[in-house]
Amino acid sequence: MKSEFRSWSDIRVFLAVIREGSTLAASRRLGVAQPTVARRIEVLEHETGLTLFERDTRGFRPTDAARELLPLAEAIETAATDFAKGAKDLTCARPIRITAFAGNFSARVTQIFNDFSAMHPDVRFEFLPSVKVLDLSAGEADIALRLTQSEPDQTLICRKISTARFTLYGSRGYADRWGLPKSPDDLKGHFFVNFQREDASSALNDWLVRHVSADQIVLSFHEIELLHAAIRAGRGLGIINVKLAEMYDDLVRCFDPPEELSAQHLMLVAPQAYRRPEVKAFVKFFAPRYAAIFR
């Protein structure tokens, strides 16, 4: 060899010229310019130290050396095809893992997933419904739909969805029996239920604790669904996301959402996950449709 053999892509050019019989026909097959094809053949001949084609007016005719190398070139082509297929199979087998509070996976949100799956049937999803804050950077999930009052990790890719608003709600039964407070300063004499756990934000509970006495909080829950069930059953008043409360006909809003309870509603993506083509395609598809639900 006159120099080091460096480009496997030249094997693809070599095969195209043999199969098509000319650099012009090979250029059409490969979708590149004819001079580029001719130049790559010259580079390959230089690197192998062999004359691979006889040039004449009828095109490029493979030499004995080219015909002898043809099976090896085809083996490289097969290996490259198998490699690409294997990589695709591994990608398709790997689901996009999404974490969010279970209430985020409503019927309207689920329909967005269904629409994307219809367009990309090979892409799978794994849903991780939880209020626990999973570490995207550590690979615990690929995407998080998250409500937060703090700034997100700057290493994550962030899409602002909306501003989430919260306020106190009670059941119609509670309202009929005890009435409802008309402002955050009107909470005396009422009973409350709250949500509290170490691996979730305490912002809403902190607000409630600042505004009521400890003996007014009659029940505390580690699961949001149980909190909502207790409020709807009339066990006490509780803080609920305004959009989520719209799902329940039996809830009554006490007063307008206090600004201090507002949170950023974000779609966060791990950078290592975003490098996957299917994740990038999903984020581009999902984010504006998901945001439209909260306008």
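Let's start on the surface of this predicted model, where Trp178, Phe191 and Val218 come together as a nonpolar patch. Between them, these three side chains' residues offer about 260 Å² of accessible area. Val218 belongs to strand E9, which covers residues 217–221. Its relative accessible area is 40%, so Val218 counts as partly exposed, given that the partly exposed class lies between 20% and 50%.

Now for the sheet. Three strands make up an open sheet here, in the order E10-E7-E11, and their pairing is antiparallel. Strands E10 (238–241) and E11 (251–253) sit at the edges; each has a single partner strand, so one side of each has no neighbour in the sheet. Going from one strand to the next, the twist averages 55°.

Take a look at the pairing between E7 (residues 166–171) and E10: the two run antiparallel and are joined by 4 bridges. Within this pair, Leu168 stands opposite Ile239 of E10. Helix H8, made of residues 224–232, packs on the sheet and touches E7, E10 and E11. The direction of H8 makes about 120° with that of E10.

One last stop is Asp153, in the loop that links strand E5 (143–148) and strand E6 (157–164). Is Asp153 buried or partly exposed? With a relative accessibility of 40%, Asp153 counts as partly exposed. From Asp153 to Leu136 the separation is 17 residues in sequence, and their C-alpha atoms are 9.6 Å apart in space.

Definitions and conventions
Residues numbered from 1 in each chain as written. Predicted model: local features only at pLDDT ≥ 70, side-chain atom pairs only at ≥ 80, totals over all residues. Heavy atoms only, no water. Patch = residues over 30% accessible without salt bridge, like charges linked within 9 Å, V, L, I, M, F, W, Y side chains within 5 Å. Areas by Shrake-Rupley, 256 points an atom, 1.4 Å probe, with all protein chains shown as cover. Salt bridge = Lys/Arg side-chain N within 4 Å of Asp/Glu carboxyl O. Buried < 20%, exposed > 50% of the residue type's maximum accessible area, 1.4 Å probe, protein only. Pairing = 2+ DSSP bridges. Axes fitted to C-alpha atoms, helices over the stretch in contact; angles between N-to-C directions. Contact = heavy atoms within 4.5 Å.
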